[in-house]
Amino acid sequence: MKLEWMGKHRALIEKIIKYGNAYSNTYKQQRSYGTDITFSAAQIQTLEYILEAEEKDEKMSEMAARLGVSRSTFSKNVKHLTEKGLLEKYHLSGNRKDIYVKPSAKGREVYEQYTRFVYKLCFEEIFQYADKISEEDKENFIRILDLFADVLLWYGKKEQKPRKLVKIDEQGKPDSPM
């Protein structure tokens, strides 16, 4: 069956889907990426965002929202990165509720090693192709990816089923929902 609704854009959509599937298959896998520490793509993205936004002094909840991940996912990544010595946690004096995270010296060093490794692995070639694309075409491609991501994020939130409390009886068996 030919999928007519995509028209001439089928190849583009196919490659976006292929990238998304490949990325989701490796997103949480721990790898060294040319460093002496293993971490996942999700964790390095968290570190990368924290490095980029370092001057903003954003709370963890604000960073999670800007990165497009749940607060719990962001918090788990921060926990793992802190355990590996790549991040340090802070709070303001007089306010222990709001947590701020900053890269450690080790985090900066590992990130530098990582960037050299992934640049050589794939980004060097990607940037060569990107240099051949007009700024207008890059902006349009960015808009396409942004729209695609926004729809996926929106639909994912919309489709979540509401949670219900289920009472557990004395034998530990679920009773009826409240």
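**Cavity lining and a helix crossing**

Visitor: Which strand gives the largest share of the lining of the largest cavity?
Guide: Three residues of that lining come from one strand, residues 95–103 (strands are DSSP runs of E of at least two residues, helices runs of H or I of at least four, numbered from the N terminus), and this is the largest share, that of strand β2. This is a predicted model, in which local features need pLDDT of at least 70 and side-chain atom pairs 80 or more, while totals for chains, interfaces and linings use all residues. Residues are numbered from 1 along each chain as its sequence is written, and side-chain values use heavy atoms, without hydrogens or water. The strand asked for is β2.

Visitor: How many residues of the lining of the largest cavity are charged?
Guide: The lining consists of Ile50, Ala53, Glu54, Asp57, Glu58, Met63, Tyr100, Val101 and Lys102. Asp, Glu, Lys and Arg count as charged, and Ala, Val, Leu, Ile, Met, Phe, Trp, Tyr, Cys and Pro as nonpolar, with the others polar. Five of the lining residues are nonpolar, none is polar, and the charged ones number four.

Visitor: At what angle do the axes of helix α2 and helix α3 cross?
Guide: The axes, lines fitted to C-alpha atoms over the stretch in contact, with angles from 0 to 180 degrees between N-to-C directions, come within 11 Å for α2 (residues 41–52) and α3 (residues 60–67) and cross at roughly 110°. That makes α2 roughly perpendicular to α3, a term for angles of 65 to 115 degrees. Contact (heavy atoms within 4.5 Å) is made by Gln45, Thr46, Tyr49 and Ile50 of α2 with Met63, Arg66 and Leu67 of α3. The crossing angle is roughly 110°.

How values were computed
Angles under 35 degrees count as roughly parallel, over 145 as roughly antiparallel, 65 to 115 as roughly perpendicular and the rest as oblique. On a 1 Å grid over the protein atoms alone, a cavity is a set of points where a 1.4 Å probe fits but cannot get out, and a pocket is an open set with protein on both sides within 12 Å along at least five of seven lines; lining residues have an atom within 4 Å of a point.
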